[in-house]
Amino acid sequence: MAYPLTRQLWRQALLALALLAPGLAQAAESAAVTSPRVTATLLSSRDAVAPGERFQVALVQKIAPGWHTYWANPGDSGEPTRIAWTLSQGATAGEIQWPAPKAIPVEPLVNFGFEGTVLLPVEIVVPPEAKIGERLTLQAAATWLVCEKICIPEEGTLTLDLPVAPAAIVAEAAQSRIEAARAALPAPAGFRGRLAAEGEALVLTLPGLPAAATELRVFPLSDTLIDHAAAQEVRTSDGATVVRLARSSAFKIAAGEIAGVLTYREGGLSQALTFAADVEPALVGAASAPAAPPATVRIPLPAEGADLTLWAALLFAFAGGLILNLMPCVLPVLFIKALGFAQLAQASRSQVREQGLLFLSGVLVTFMALAAMVIALGALGTSVGWGFQLQSPPLVIALAVVMTLIGLNLLGAFEIGTSAAGVGHGLASRGGRLGAFMTGVLAVVVATPCTAPFMGAAIGYAVTQPPLLGLSVFLSLALGFALPVVALSFAPGLLRLLPKPGRWMLILKQAFAFPMFATAIWLIWVASVQAGPGGVLAALVAVLAAGFVVWLVGVTRGSGRGRLASSLVAVLVACGAGWFVVQSAVPEVAQARAGDTQAWSPERVVALQAEGRPVFVNFTAAWCITCLANERVALSRQEVKDAFAELKVVYLKADWTNRDSRIAFALAEQGRAGVPLYLFYPGGKGGQPEILPQLLTPDMVVSAARRAAGKEVRTAAR
């Protein structure tokens with residue numbers, strides 16, 4: 001007779017504690033695991049549990065607009081959400097109770113998954129011997145893949161601590177949410193279907209569907225049954241609904257039964273049923289020809305950079321920024337800064353330091369702006385990456401024009417005291433402050449085609465972290481990049497070793513024009529790769545128009561009304577040239593351009609591995625100086641070509657010169673935000689790639705080829 005009283009006292013005591021301790025009042029929901037894409041929590045229908053009871057919890061995913069997670073069968077790509085449970089008191093957890101998915105087209109594929117907010121219920125069983133007064137700990141290590149145009153693997157450990165009481169205490173709000181989610185789960189169908197062959201297609205007969213059902217969709221649990229992206233044709237035959245389905249290129253049925261979910265609309269309402277169907281005996285064990293590889297692309301976790309700590313990423317970024325100064329795309333701008341310091345060699349120490357700090361400011365502002373854009377667009381699902389602005393042909397042409405004008409200025413064709421590049425005799429004057437700042441800006445803009453050693457892993461780490469951590473990595477990169485110039489500005493003794501200003505400075509200034517012209521030529525070549533002959537024409541017209549505008553402004557300087565008219569003409573010419581560039585410099589579809597390479601695709605890699613062929617993938621771009629250097633120094637060498645031929649290595653090129661979401665997707669898989677990236681896949685289905693360093697040598701590539709072909713054992717960790 002005392003037991004009901006004890007139970008009532010337990011209930012009252014726990015409710016009183018919940019009122020006195022606000023933290024306990026939220027015991028039905030765990031702390032959130034949050035990313036810019038998904039906020040995940042663990043929700044419990046109980047505030048306290050009783051020995052021997054069964055109750056429901058749910059993994060709640062709040063998914064950002066435009067993104068999706070995956071169902072049990074993810075469709076053409078992706079991975080389903082998984083939960084690994086660690087439970088105290090001997091409790092056990094059931095399987096995920098999957099809601100009905102929706103078909104999510106990601107051209108040319110179709111995925112099966114969820115958008116918005118989704119609850120994934122799981123039943124927990126408390127053993128009868130659970131001890132009253134102790135706590136039941138639920139720890140769910142959840143992993144999920146969240147995708148838009150790129151995919152990000154995410155994970156989190158969610159924990160709930162629930163007291164064990166003589167009687168359960170229901171968390172009313174959580175219980176209502178979970179029960180509503182369970183009520184919306186697909187209901188068991190009151191019929192059994194049949195799957196048969198119809199030529200090369202499949203037909204699924206469903207005898208018990210309502211006649212008024214519309215918008216029918218079949219979601220099989222097996223991912224080797226149907227072509228997920230193909231149309232599903234619905235007809236009626238002898239009172240039954242018949243769905244014609246296209247076979248998967250990886251078609252395979254191992255048992256005499258299939259299962260899945262049907263979704264349809266009836267009377268304006270969405271309905272969902274779980275179904276089972278008997279399989280025609282001739283289909284069991286049948287398989288598609290192996291020549292057609294499956295379209296499914298499973299997503300590995302990033303291999304390189306995945307174990308980086310924040311401090312290691314900061315160190316890598318700083319070292320990469322230092323080395324970036326040695327890259328050929330940066331040197332022309334640093335020549336300009338060196339010239340400015342030479343002109344200030346006999347100036348006061350404060351002036352020189354001011355110039356160095358202004359250069360630092362330009363570098364920091366530009367790096368942070370680019371980093372914020374990369375991180376923000378990545379959070380919104382638009383993968384861009386390091387050097388993304390040079391995927392725009394009009395911007396490449398604009399940079400070529402800037403480099404040409406700087407070169408002409410250095411040769412003395414015209415003088416602009418407050419030039420954006422910080423050149424000319426006004427460098428030491430008040431106007432030179434803007435010049436020093438803009439030199440830092442320009443240095444960063446032209447540095448982005450290069451990726452120095454250590455940078456790849458650091459930037460890959462940065463773009464997968466919360467915004468503040470990501471920005472801190474880019475800040476470290478910027479400080480490393482600016483350090484040599486700033487250090488020189490704070491070392492006046494080194495500057496005073498230079499001879500006094502004289503004719504040598506004019507000669508040096510003119511000599512520095514030619515690296516600028518070389519950079520302009522390279523940029524016009526990049527435009528030709530991106531936009532073909534139209535890109536070259538647009539670049540040459542832009543250079544001509546810029547030269548004409550500068551000449552016109554110069555010859556009419558100080559001429560009153562004539563100057564106003566010339567300024568108007570200059571504006572019209574500049575606008576007309578800009579319009580022509582935008583219209584003419586249209587990106588072309590990237591193609592593999594070398595005779596001994598093939599175009600990359602994930603499906604091509606899968607097919608070649610299935611044939612037992614080693615595969616080398618070169619993720620590159622025409623605007624990536626490091627990529628071009630590696631191709632000249634290593635990849636085009638005869639010993640590398642001979643090794644590839646001997647070992648039957650297939651060379652695939654993934655050209656990111658223009659934007660390509662599939663390449664961005666692949667880079668994100670490997671924890672990278674830009675090129676170069678070099679992957680060597682071993683022969684054999686499912687083998688994981690080896691990531692090569694960003695600076696290659698022929699011996700390095702040949703050794704990697706031998707490892708991929710199984711001719712050499714790898715003894716060192718990547």
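This passage goes through a predicted model of one protein, from its overall make-up down to a patch on its surface. Residues are numbered from 1 along each chain as its sequence is written, and side-chain values use heavy atoms, with hydrogens and water left out. Local features need a pLDDT of at least 70, side-chain atom pairs count only at pLDDT 80 or more, and totals for chains, interfaces and linings use all residues.

So how sure is the predictor? The pLDDT, its confidence in each residue from 0 to 100, has a mean of 76 for the protein, and 71% of the residues reach 70 or more. Residues 380–384 fall below 50, yet beyond near neighbours in sequence this stretch has 14 contacts in the model (contact means heavy atoms within 4.5 Å).

The protein has 19 helices and 26 strands; these are DSSP runs, with helices being H or I of at least four residues and strands E of at least two, numbered from the N terminus. Of its 718 residues, 48% are buried (under 20% relative accessible area, against over 50% for exposed and in between for partly exposed, with a 1.4 Å probe and protein chains only).

On the surface, Phe548, Trp551, Val555 and Val569 make a nonpolar patch of about 370 Å². Patch residues have over 30% relative accessible area and no salt bridge (a side-chain nitrogen of Lys or Arg within 4 Å of a carboxyl oxygen of Asp or Glu), and nonpolar side chains are joined within 5 Å, like charges within 9 Å. Helix α13, residues 513–555, gives the most to this patch, with three residues. Phe548 sits in that helix, α13, and counts as partly exposed because its relative accessibility is 33%.

Definitions and conventions. Areas by Shrake-Rupley, 256 points an atom, 1.4 Å probe, with all protein chains shown as cover. pLDDT = per-residue confidence, 0-100.
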